[in-house]
Amino acid sequence: MAELDPFGVPAGGPALGNGVAGEEDPAAAFLAQQESEIAGIENDEAFAILDGGAPGSQPHGEPPGIPDANSRKQEAEWKEKAIKELDEWYARQDEQLQKTKANNRAAEEAFVNDIEESSPGTEWERVARLCDFNPKSSKQAKDVSRMRSVLISLKQAPLVH
């Protein structure tokens, strides 16, 4: 008679959780499959790219880490092109920054002149410039038609103190 382990399963054979012996463990099969795939990837040309070469560019007798003259020349051209494009980008950014600064200075100057220009009777005109009197501009906002009509009437006939 065969020897049994403490759980009543015949010793020597793999057993699953359901007590049936002789079937292959799915976890072990999965691990074996993953290891074989990893071994296949390690032998693939993808690692040659990571090591610095292109796939198939190096002869079999040459080590993959040594770049040839063409690749060095191409790399130097790419670096020159990248430096040139970067300089152009910085020039465009600087130009845009200067335009923005000029626009902001002009807007600030107009704002300051507008604030200092406070003559009596122009208060409602200044308020009206800040308001949007187009009733179709905002469809999601609350109805402000009454407020709009009050501001327009005050602009046309200001209150006298």
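**Close-up views of an all-helical predicted model**

**View 1. Helix α4 (residues 123–130) and helix α5 (residues 145–156) pack with their axes 8 Å apart, at an angle of about 145°.** The model shown is predicted. In this pairing, the crossing of α4 past α5 is left-handed. Helix α4 contributes W124, E125, V127 and A128 to the contact, and helix α5 contributes L151, L154 and K155. By class, five of the residues in the contact of α4 with α5 are nonpolar and two are charged, while no polar residue takes part.

**View 2. Helix α3 (residues 69–116) has the highest mean pLDDT among the elements of the protein, at 93.** The lowest mean pLDDT, 58, belongs to helix α2 (residues 46–50). Over the protein as a whole, the average pLDDT is 76, and 63% of the residues reach a score of at least 70.

**View 3. The protein comprises five helices and zero strands.** Read from the N terminus, the order of elements is α-α-α-α-α. Of the contacts with a separation of 6 or more, 16% join residues that lie 24 or more positions apart.

**View 4. The surface exposed by the protein amounts to about 14,200 Å².** Carbon and sulfur atoms supply 57% of this exposed area. Among the 161 residues of the protein, 5% are buried.

Methods: Residues are numbered from 1 along each chain as its sequence is written. This is a predicted model: local features need pLDDT of at least 70, side-chain atom pairs count only at pLDDT 80 or more; totals for chains, interfaces and linings use all residues. Side-chain values use heavy atoms; hydrogens and water are left out. Helices (H or I, at least four residues) and strands (E, at least two) are DSSP runs, numbered from the N terminus. Buried means under 20% relative accessible area, exposed over 50%, partly exposed in between (1.4 Å probe, protein chains only). Contact means heavy atoms within 4.5 Å. Accessible areas come from the Shrake-Rupley method with a 1.4 Å probe; for residues, only the protein chains shown count as cover. pLDDT is the predictor's confidence in each residue, from 0 to 100. Axes are lines fitted to C-alpha atoms, for helices over the stretch in contact, and angles run from 0 to 180 degrees between N-to-C directions. A crossing is left-handed if the near helix is turned anticlockwise from the far one by less than a right angle, and right-handed if clockwise. Ala, Val, Leu, Ile, Met, Phe, Trp, Tyr, Cys and Pro count as nonpolar, Asp, Glu, Lys and Arg as charged, and the others, Gly among them, as polar.
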